[in-house]
Amino acid sequence: PQLHETLEKMKSAADRRTTLIKEFITISELKVGQASLTRQKASLAEILSRVLTLLTDGITAEHLTVTTTLPPNTTLLVDAPKLQEALTNLIDNAVKYNTEGGSLTITGIHTTHPIERDKKLFKLTITDTGIGIPAEDIHTLFTRYFERGAEAEKRYATGRGIGLAIAKNIIQAHGGRISVESEGRGRGSTFMVELPV
């Protein structure tokens with residue numbers, strides 16, 4: 001039994017390393033344009049439903065209130081599995097770094113580009129009531145070398161700190177952009193994803 005437990009720990013560590021390597025490859029391929037997107041019409045509501053189902057255990061454990069508001073029948077021309085991966089990274093962070101009994105609000109709206117008014121966009125906003133992001137961390141948040149703050153380390157010790165870089169590269173590969181706002185420690189955060197329609 002002792003050997004079995006040790007081997008399980010070794011396997012778990014090896015699996016984490018494999019996942020990390022795959023994530024770095026994903027980032028690299030997206031940055032140099034080698035990763036091809038398979039775009040098809042997809043329901044954003046269905047993608048979000050799959051993400052929230054994956055994260056049900058964490059949502060339940062933290063007693064979070066989740067509110068999702070989307071325009072009806074929102075379909076986008078996207079690579080659904082890759083977009084799901086990006087949104088999973090974002091929403092998983094909103095769950096992991098939230099406060100117990102806090103809230104998670106996901107809102108989607110159709111809008112236009114602020115400068116190129118003929119370009120239609122879909123804006124998805126993910127807001128949590130969690131630990132927030134210090135101002136000094138925001139400018140490095142989406143880089144692959146981002147080091148999570150002490151508060152984030154305390155909340156989730158095994159995080160790798162590159163999920164946001166992966167999300168950013170997937171969104172950019174779709175021709176979109178991602179940004180974040182936070183009023184600081186303990187004030188929650190809001191991530192905005194804009195995708196072309």
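Visitor: Where is the place of Asp 79?
Guide: Bear in mind that this is a predicted model. Coming off strand β3, the chain goes through a loop before helix α4 starts, and that stretch is home to Asp 79: the loop between β3 and α4.

Visitor: Is Asp 79 buried or exposed?
Guide: The cut-off for buried is under 20% relative accessible area. Asp 79 has 5%, so the residue is buried.

Visitor: Which residues does Asp 79 touch, not counting residues up to four places away in sequence?
Guide: One distant partner in sequence is Ala 42, 37 residues away, with the two C-alpha atoms 8.2 Å apart. As for actual contacts, leaving out residues up to four places away, Asp 79 touches Ser 36, Leu 37, Thr 38, Arg 39 and His 174.

Visitor: How many helices and strands does the protein chain have?
Guide: Reading from the N terminus, the order is α-β-α-α-β-β-α-β-β-α-α-α-β-β. That secondary structure comes to seven helices and seven strands.

Visitor: Where in the protein chain is confidence lowest?
Guide: Overall, the chain has a mean pLDDT of 84, with 84% of its residues at 70 or more. Strand β2 (residues 65-69) holds the highest confidence, at 96, and the lowest mean, 52, belongs to helix α6 (residues 150-155). Where pLDDT is low, the predicted coordinates should not be read in detail. So the place asked for, with its mean of 52, is helix α6.

Visitor: Which element gives the largest share of the largest nonpolar core?
Guide: That core has 38 residues, and those touching the most other members are Leu 83, Leu 87, Leu 90, Ile 91, Ile 106, Leu 124 and Phe 191. Elements giving two or more residues to this core include α2 (44-54), α4 (80-96), β5 (120-128) and α7 (163-173). The largest share is eight residues, and it comes from α4.

Visitor: What does Leu 124 touch, not counting residues up to four places away in sequence?
Guide: Leu 124 is among the core residues that touch the most other members. With residues up to four places away in sequence set aside, Leu 124 touches Leu 44, Leu 48, Leu 70, Leu 87, Ile 106, Thr 107, Gly 108, Phe 191, Met 192 and Val 193.

Visitor: Is α2 parallel, perpendicular or oblique to α4?
Guide: Their axes come within 9 Å and cross at roughly 50 degrees. Angles under 35 degrees would count as roughly parallel and 65 to 115 as roughly perpendicular. The crossing angle fits neither, so α2 is oblique to α4.

Visitor: Which residues in α4 does α2 meet?
Guide: α2 passes α4 in a right-handed crossing. From the α2 side come Leu 44, Ile 47, Leu 48, Arg 50, Val 51, Leu 52 and Leu 54, and what they meet in α4 is Ala 80, Leu 83, Gln 84, Leu 87, Thr 88 and Ile 91.

Visitor: What is the angle at which α4 and α7 pack?
Guide: This crossing is left-handed. Lys 82, Leu 83, Glu 85, Ala 86, Asn 89, Leu 90 and Asn 93 in α4 meet α7 residues including Leu 164, Ala 167 and Ile 171. The axes lie 9 Å apart, and the angle is about 145 degrees.

Visitor: Is Asn 93 buried or exposed?
Guide: Asn 93 sits in helix α4 and, residues up to four places away aside, touches Asn 98 and Leu 164. Its relative accessibility is 18%, and the cut-off is under 20%, so Asn 93 counts as buried.

Visitor: What is the phi of Asn 73?
Guide: Most residues other than glycine have a negative phi. Asn 73, in the loop between β2 and β3, counts as exposed at 75% relative accessibility. Although Asn 73 is not a glycine, its phi is positive, at about 55 degrees.

Visitor: Which residues is Val 197 in contact with, leaving aside its neighbours within four places in sequence?
Guide: Val 197 is found in the segment after β7 and is exposed, with a relative accessible area of 58%. Its C-alpha atom is separated by 9.5 Å from that of Val 78, 119 residues apart along the chain. Leaving aside neighbours within four places, its contacts are Leu 76, His 110, Lys 120, Leu 121 and Phe 122.

Terms used: Residues numbered from 1 in each chain as written. Predicted model: local features only at pLDDT ≥ 70, side-chain atom pairs only at ≥ 80, totals over all residues. Heavy atoms only, no water. pLDDT = per-residue confidence, 0-100. Helix = DSSP H or I, 4+ residues; strand = E, 2+ residues; numbered from the N terminus. Core = buried A, V, L, I, M, F, W, Y, C linked by side-chain atoms within 4.5 Å. Buried < 20%, exposed > 50% of the residue type's maximum accessible area, 1.4 Å probe, protein only. Contact = heavy atoms within 4.5 Å. Axes fitted to C-alpha atoms, helices over the stretch in contact; angles between N-to-C directions. Parallel < 35°, antiparallel > 145°, perpendicular 65-115°, else oblique. Left-handed = near helix turned anticlockwise from the far one by under 90°.
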